[in-house]
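The exercises below each set a task and then work through it step by step. Please keep the sequence and the structure in view while reading.

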Amino acid sequence: QLQVAESGGGLVQPGGSLRLSCAASGSTLDYYAIAWFRQAPGKEREGVSCISSNGGGANYADSVRGRFTISRDNAKNTVYLQMNSLKPEDTAVYYCAARNVVVSQRWGCPIATTRYDYWGQGTQVTVSS
């Protein structure tokens with residue numbers, strides 16, 4: 001059974017960078033779209049980015065486009081979220097989630113919490129001076 005686990009969070013100053021990792025176990029990620037979500041205290045969980053199962057497509061929230069980059073390394077069964085030019089409003093718990101896909105879905109991905117089946121425990125990202 002697929003499990004995913006996030007790592008790489010921490011405290012960083014505004015303008016700094018972090019790279020989050022989402023490592024999978026129990027199954028290959030080849031057949032899963034992967035998304036990153038985040039949730040700040042008192043706010044709803046929001047989609048950040050996603051990458052398709054074959055790596056050929058990615059989507060980003062408007063708030064992070066141009067600053068964040070999602071990628072996947074199938075050999076390591078890991079998905080990454082490179083976060084640059086971080087802002088205080090990026091502060092949140094970041095979650096990795098996986099969505100099993102069929103052939104027709106392998107080129108795309110949604111950024112919607114209800115479309116993902118497997119979730120990690122979250123990693124805290126704090127952007128503060």
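## Exercise 1: a buried charge

Glutamate 6 is buried but takes part in no salt bridge, and the nearest side chain of opposite charge, that of arginine 45, is 7.9 Å away. The model is a predicted one, and the task is to find which backbone nitrogen atoms the side chain of glutamate 6 reaches.

*Solution.* Step one is to place the residue: glutamate 6 belongs to strand 1, which covers residues 3–7. Step two is to check the missing salt bridge against the cut-off, which asks for a side-chain nitrogen of Lys or Arg within 4 Å of a carboxyl oxygen, whereas arginine 45 is 7.9 Å away. Step three turns to the backbone, where the nitrogen of glutamine 121 lies 3.0 Å from a polar atom of the glutamate 6 side chain, and the nitrogen of glycine 122 is reached by that side chain at 2.9 Å.

## Exercise 2: the disulfides

Determine how many disulfides the structure holds, and work out the handedness of the links.

*Solution.* The structure holds 2 disulfides. One of them is formed by cysteine 22 and cysteine 96, with the sulfur atoms 1.8 Å apart; the angle about its S-S bond is -65 degrees, and the link is left-handed. This pair connects distant parts of the chain, cysteine 22 being in strand 3 (residues 18–25) and cysteine 96 in strand 9 (residues 92–100), 74 residues apart. Cysteine 22 is buried, with a relative accessible area of 0%, and cysteine 96 is buried with a value of 0%.

The next step takes cysteine 50 and cysteine 109, which are joined by a disulfide with an S to S distance of 2.1 Å. The torsion about the S-S bond is about 75 degrees, so this disulfide is right-handed. Here too distant parts of the chain are linked, with cysteine 50 in strand 5 (residues 46–51) and cysteine 109 in the loop between strand 9 and strand 10, 59 residues apart. Cysteine 50 has a relative accessible area of 0% and is buried, and cysteine 109, at 12%, also counts as buried. Counting bonded cysteines along the chain, the pattern is 1-3, 2-4.

## Exercise 3: the aromatic pairs

Classify the ring pair of tyrosine 32 and tyrosine 118 and the ring pair of phenylalanine 37 and tryptophan 119, and locate their residues.

*Solution.* A search of the whole structure finds 4 aromatic pairs. In one of them, the rings of tyrosine 32 and tyrosine 118 have centres 5.9 Å apart and planes at 80 degrees, so the pair is edge-to-face. Tyrosine 32 is in strand 4 (residues 32–39) and tyrosine 118 in strand 10 (residues 118–119), so the contact ties together parts that are 86 residues apart in sequence. Tyrosine 32 counts as buried at 8% relative accessibility, while tyrosine 118 counts as partly exposed at 22%.

For phenylalanine 37 and tryptophan 119 the ring centres are 4.9 Å apart and the planes stand at 35 degrees, so the pair is tilted. Phenylalanine 37 lies in strand 4 and tryptophan 119 in strand 10, so parts 82 residues apart in sequence are tied together. Phenylalanine 37 is buried at 0% relative accessibility, whereas tryptophan 119 is partly exposed at 29%.

As a last step, Phe37 and Trp119 can be placed in one aromatic cluster together with Tyr95 and Tyr116. Over the face of tyrosine 95 lies arginine 45, at 4.0 Å from the ring centre.

How values were computed. Residues are numbered from 1 along each chain as its sequence is written. This is a predicted model: local features need pLDDT of at least 70, side-chain atom pairs count only at pLDDT 80 or more; totals for chains, interfaces and linings use all residues. Side-chain values use heavy atoms; hydrogens and water are left out. Rings of Phe, Tyr and Trp (its six-membered ring) pair if their centres lie within 6.5 Å; planes under 30 degrees apart count as stacked, over 60 as edge-to-face and the rest as tilted. Helices (H or I, at least four residues) and strands (E, at least two) are DSSP runs, numbered from the N terminus. Buried means under 20% relative accessible area, exposed over 50%, partly exposed in between (1.4 Å probe, protein chains only). A charge sits over a ring if NZ of Lys or CZ of Arg is within 6 Å of the ring centre and within 35 degrees of the ring normal. A disulfide is a pair of cysteine sulfur atoms within 2.5 Å. Lys and Arg count as positive and Asp and Glu as negative; His and the chain ends are not counted. A polar contact is a pair of N or O atoms within 3.5 Å; within protein, one must be able to donate a hydrogen and the other to accept it, and residues adjacent in sequence count only if both atoms are side-chain atoms.
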